[in-house]
Amino acid sequence: MISDREAAKYPFLNDAVTYVETLGLTLENLVDPSYTGVLERGERRVSQAILSGEATVELEDTLTELLSFPVANMFITAMAEEYLFRRYALSEAARAHELLKDEAEERIAKLARLEFGWDLRLVQERVGEKLYRFEAHFKDYLKNAASFREPEWKLVNRLIRNGYVLLTKRDASRLLQEEIQRRIGSLVSKRRRISLPDPLRIRVNNLQKLFDENRSRLTGQALPTKLLTEALPPCIRHAFQGLMAGRRASHMERFALTSFLINAGMGIDDIVKLFASITDFDEQFTRYQIEHIAGLRGSRTRYTPPTCSTLKTHRVCYEPDRLCERIKHPLSYYRIKVRDYQRE
Amino acid sequence: MAEQDRGNEQYITEQFKRYYATEAQRVEAPPEIRRREFGFLSFGGRTMFRHIGFQDPQQFRGYLREYAPAHTYFSAAYYKDPRASMAEKGWLGADLVFDIDSDHFDLPCQKEHDRWTCRTCGKEGKGHPPETCHDCKKATFIEETWLCENCLRAAKYEAQKLLDILIEDFGFQASGELSVNFSGNRGFHVHVRSPSAKELDQLARREIVDYIRGIGIEAEYQGLIARRGRGGTASEQRGWRGRSIRALYDFIAEATPEQIKGLKLGRGASLNLIESRDEILTALMNKQPSRVVKYIDGKSMGKLLEAAVREQASAIDTVVTTDLRRLIRLPNTLHGKTGWLTQNIPIDDLADYDPLTQAIAFTEGTERVFINRAPEIVLSGETYGPFEEESLELPLAVAIFLLCKNAARVER
Ligand code: SF4
Ligand SMILES: [Zn+2]
Ligand SMILES: [Zn+2]
């Protein structure tokens, strides 16, 4: 059995979810004035996600804190905004991380093992200035750290032996934050219609309004329809110039360039023309490939360009500049640069 | 490469058929055969037959006997329904696979035995083709690639480094979880079969690739820029830490002053590397990397490390490992570009393994062939060639190799 306080702290835990279920709350219950506090807190969790991206910890009234979590989840699912699924999961995971980082090592280990199935051991090893308290199997490490871009998280910069990666307490709680974010993301991102009683509906509408007001700030402006070559990231510029010069391009380079151009809003006909004019590829083949990447053929998924780290692995990344240090994706580079140009 | 002669195709197919008639029985099917996709290429065939599935090893061997494919592949992945289209297969996981191909290396011997011809203007050269032709600036070439003991030795060395990393750092079991195969042509494949490898997603596999190639390594995290690090404890030698110190040691010990200047390090660092080389090497040997800091500034250390790790990293192909749906050559089947076997090698035997003797499939008989042009080749300890426009009666293994390489035709 989980304590009220533990459940309020980590309401996404399996035990906490089961605990809430045993209370047997229904939508009708929630409309009762005695639950106004829960609804308010639920609404605030969502607005915090929208506004600051990190929900606060409010443990004065543990039951309200606990029950407001499924309520907030419901609001998010009802809003059905793709973008918010992620942002909300991130916000709640950041909240959990705030609490986790001050837990005892044993508590962290238990959570990692029992909730997320990590293969993790407690250790005590000092290396230089760092005190390592855990070692985790590399598969659990990579599941969570592989998308981080800071060099300290790259496996190659880690102490690993026999399949286990040394972690400080700070590392472990950061990695758990990823697990938590994924779990919450999958809790809320279900596509289903929810019909809510009016008092709840009103709150969802308020939140929707709040999100609409912040939408462009959060999701970024649309890209211009004409390609702004001055704003291309170094890798794409290099691939582009290489193509012009008739240099042999690797498959990955070609793919990165094509998918980048498609996603940057260049028309398929224009891309075909561009490629056909400078390579000895026959037009049909080029068009076929481009349409495939654009999602007009085959699996019908539109491909997005690979991330910077993928491009680094395949050596397509080329002379990254200052801006590159701040982004994970060549399209983000382009977006930022385009915005700068538009401001001028 | 130029198109294969129709007569050659027929002849090699017959030989492959003859081989599989007796030897198919010995080809081991991959574990969990029902979950694997198979793919085959025939001689002269341009597209691969993919999405093929088998119920059991017998059915699969029957296929080899009947069609005697030029190339036989299977999926590293496990699928619910291997015969379905890609979108509907139902991916269940995949072995972690590595490909080492000496064609991607830059070796002196390649300048001896490889050639290219510009498709547009006919300019010729040796070694790897340039990015674009110097004369006509076009970028398509006909390539004639060969191999020798030297390329194979280089590939084997990379495979050994890879295995060390997989065992020491990743903790895979040498017996049971790892298998090494000679690719049948210019390289080696390593397969990892373990529950923890099977579930790795693409992002995770990419990180593993970067790890093995030493990509993204930074001196700061290798204890090489630490201000107060002491060094010496066992965990400080974990993973790349120990390896990068060894890498630096070897690199600095062997580098010529010219090489060091070529790295464009800071002026002080370059000078110290030449003048205080012994002090630096002693500090590294005593595993006191922090003592090196006073000789080499942080930025220079980064550059130096990057150059040094290349020697300790393993030059695996980056695409193969990160492709979750890759087809790879099945061990103990014939390779249509050499007529040799793709061969499984017990890990303990790898050090002494010699593909040019052990992977030979056609060990008996001779054949008369007309050879256009081919460099020297050593098979089973005997040296043949170089050849130039001549007709010769050769051991079958040599004849088939030259035919597969499309450098000869059968004279009947
Ligand atoms: S960091 Fe990213 S955007 Fe910048 S050059 Fe490298 S791959 Fe391109
Ligand atoms: Zn030319
Ligand atoms: Zn060679």
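Let us start inside the protein: in this predicted model, the largest cavity has a volume of about 80 Å³. Thirteen residues line this largest cavity, and those closest to its centre are Pro233(A), Cys235(A), Cys308(A), Cys317(A) and Cys324(A). If you have the structure open, those five names are a good place to centre your view.

From there, look at the secondary structure around the space. Three helices of chain A each supply at least two residues of the lining of the largest cavity: helix 11 (234-245), helix 15 (308-313) and helix 16 (330-343). Helix 15 of chain A gives the most, with three residues. As for the character of the walls, the lining of the largest cavity has 12 nonpolar residues, no polar ones and one charged residue. Stepping back to the whole structure, you will find four cavities of 30 Å³ or more.

Now move to the open spaces, and to another part of chain A. The second largest pocket has a volume of about 560 Å³. Its lining is made of 21 residues, and Val20(A), Glu21(A), Pro70(A), Val71(A) and Met74(A) lie nearest the centre of this pocket. Helix 2 (14-23), helix 3 (27-31) and helix 5 (62-79) of chain A are the elements that give two or more residues to that lining. Which of the elements gives the most to the lining of the second largest pocket? Helix 5 of chain A does, with eight residues. By class, the lining of the second largest pocket divides into 14 nonpolar, four polar and three charged residues.

Next, follow chain A to where it meets its partner. Here 35 residues of chain A are in contact with 44 residues of chain B. The size of an interface is often given as the accessible area lost when the parts come together. Between chain A and chain B the buried area is about 3,600 Å², and carbon and sulfur atoms give 54% of it. On the chain A side, Val156(A), Arg248(A) and Thr313(A) lose the most area to chain B, together 17% of what that side buries.

Charged pairs also cross this interface: the rule finds four salt bridges between chain A and chain B. In one salt bridge, the side chain of Arg238(B) meets that of Glu135(A), with 2.9 Å from N to O.

Having crossed over, take a look at how chain B is laid out. Chain B is divided into four parts: domain 1 (3-99 + 176-205 + 318-357), domain 2 (110-144), domain 3 (219-312) and domain 4 (362-412). Between domain 1 of chain B and domain 2 of chain B, the C-alpha centres lie 31 Å apart.

Two backbone details in chain B round off the tour. Lys137(B) is in the loop between strand 8 (124-126) and strand 9 (141-144) of chain B. Phi of Lys137(B) is near 65°, a positive value in a residue other than glycine. Further along, a cis peptide bond joins Gly385(B) and Pro386(B), with omega about 0°. Pro386(B) is found in the loop between strand 16 (382-384) and strand 17 (387-395) of chain B.

Technical notes: Residues numbered from 1 in each chain as written. Chains lettered and ligands numbered in written order. Predicted model: local features only at pLDDT ≥ 70, side-chain atom pairs only at ≥ 80, totals over all residues. Heavy atoms only, no water. 1 Å grid on protein atoms, 1.4 Å probe; cavity = no way out; pocket = protein on both sides within 12 Å on 5 of 7 lines; lining within 4 Å. Points joined across faces, edges and corners; volume = space filled by probe spheres on them. Helix = DSSP H or I, 4+ residues; strand = E, 2+ residues; numbered from the N terminus. Nonpolar A, V, L, I, M, F, W, Y, C, P; charged D, E, K, R; others polar. Domains from an automatic or database assignment. Contact = heavy atoms within 4.5 Å. Buried area = accessible area lost by both parts, 1.4 Å probe.
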